[in-house]
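Subject: Structure handover

Hello,

Here is the structure I said I would pass on. Please look it over, and then read the notes underneath.

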Amino acid sequence: MITEYITDAEFLAYGTACSRGTSDQRTAARRAASEIADSYLRARYGLPLTSWDNAIKSKVAAIAAACLLRVIGWNPEDPANQAIMIDARKAEEWFKLVSTRDAHPLVG
């Protein structure tokens, strides 16, 4: 069972590319990003988590936005698209820090 760390409403609030995707595309992107997050979180925490903070939500949203952008099409020359991909890389780097106990989100 996948724990989705953000709702569709939260995804729309966090992501710039999100409003261009369909509901099904956004759901797939949120699930993929949540699974990526879990791949780091399981190194440190027992899953599934029962609660998590906005730091995790914002990082999952950043990764989900990149996942969605890859599906709906992105232009590597577009500064907005570049920013989304950079934010996703930074989010994964943060999750790596969480897995090595160098960043400390509030989770339960």
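The notes below go through the helices, then a few individual residues.

Please keep in mind that this is a predicted model.

Helix H2

Helix H2 covers residues 23-41. At 1.5 Å a residue its 19 residues should span 27 Å, and the end C-alpha atoms are 26 Å apart, so the length agrees with expectation. The buried residues of H2 are Arg26, Thr27, Ala29, Arg30, Ala33, Ser34, Ala37, Asp38, Tyr40 and Leu41. What covers them includes H1, H3 and H4.

One residue of H2 that I looked at individually is alanine 37. Alanine 37 has a relative accessible area of 0%, and therefore counts as buried. Setting aside neighbours within four places in sequence, its contacts are Tyr5, Val60 and Phe95. Of these contacts, Val60 is listed among the buried residues of H3, and Phe95 among those of H4. Alanine 37 and glutamate 4 are 33 residues apart along the chain, with 9.7 Å between their C-alpha atoms.

Between H2 and H3

The loop between H2 and H3 contains proline 48. The peptide bond that joins leucine 47 to proline 48 is cis, with omega at about 5°. As background, most peptide bonds are trans.

Helix H3

Helix H3 takes in residues 54-72, which is 19 residues. From first C-alpha to last it reaches 26 Å, close to the 27 Å expected at 1.5 Å a residue. At its start, a side-chain oxygen of aspartate 53 comes to within 3.2 Å of the backbone nitrogen of alanine 55. After the helix comes glycine 73, with a positive phi near 105°.

The buried residues of H3 are Ile56, Lys57, Val60, Ala61, Ala62, Ile63, Ala64, Ala65, Ala66, Cys67, Leu68 and Leu69. The list includes an unbroken run from Val60 to Leu69. The cover over these buried residues includes helix H1 (8-14), helix H2 (23-41) and helix H4 (79-99).

Helix H4

Helix H4 has 21 residues and reaches 30 Å between its first and last C-alpha atoms, close to the expected 30 Å. Its N-terminal end is capped by aspartate 78, which has a side-chain oxygen 2.9 Å from the backbone nitrogen of alanine 80. The buried residues of H4 are Asn81, Ile84, Met85, Ala88, Ala91, Trp94, Phe95, Val98 and Ser99. They pack against H2 and H3. For reading that list, it may help to recall that an α-helix has 3.6 residues a turn, so residues three or four places apart point the same way.

Two residues of H4 are not on the buried list. Alanine 80 belongs to H4 and has a relative accessibility of 44%, so it counts as partly exposed. Alanine 80 is 30 residues from threonine 50 in sequence, and the two are 34 Å apart in space, C-alpha to C-alpha. Glutamate 93 also lies in helix H4. With a relative accessible area of 47%, glutamate 93 is partly exposed as well. The C-alpha atoms of glutamate 93 and alanine 28 are 22 Å apart, while the two residues are separated by 65 residues along the chain.

How H2 meets H4

At what angle do the axes of H2 and H4 cross? They cross at roughly 30° and come within 8 Å. Angles under 35 degrees count as roughly parallel, so H2 is roughly parallel to H4. On the H2 side the contact is made by Ile36, Ala37, Tyr40 and Leu41, and on the H4 side by Glu92, Phe95, Lys96, Val98 and Ser99. By type, the residues of this contact divide into 6 nonpolar, 1 polar and 2 charged.

After H4

Arginine 101 is in the segment after H4. Its phi is positive, near 65°, and the residue is not a glycine. For comparison, most residues other than glycine have a negative phi. Is arginine 101 exposed or buried? Its relative accessibility is 51%; the cut-off for exposed is over 50%, so arginine 101 counts as exposed.

Regards

Key:
Residues numbered from 1 in each chain as written. Predicted model: local features only at pLDDT ≥ 70, side-chain atom pairs only at ≥ 80, totals over all residues. Heavy atoms only, no water. Helix = DSSP H or I, 4+ residues; strand = E, 2+ residues; numbered from the N terminus. Expected span 1.5 Å × (residues − 1). Buried < 20%, exposed > 50% of the residue type's maximum accessible area, 1.4 Å probe, protein only. Contact = heavy atoms within 4.5 Å. Polar contact = N/O pair within 3.5 Å; in protein donor to acceptor, adjacent residues only side chain to side chain. Axes fitted to C-alpha atoms, helices over the stretch in contact; angles between N-to-C directions. Parallel < 35°, antiparallel > 145°, perpendicular 65-115°, else oblique. Nonpolar A, V, L, I, M, F, W, Y, C, P; charged D, E, K, R; others polar.
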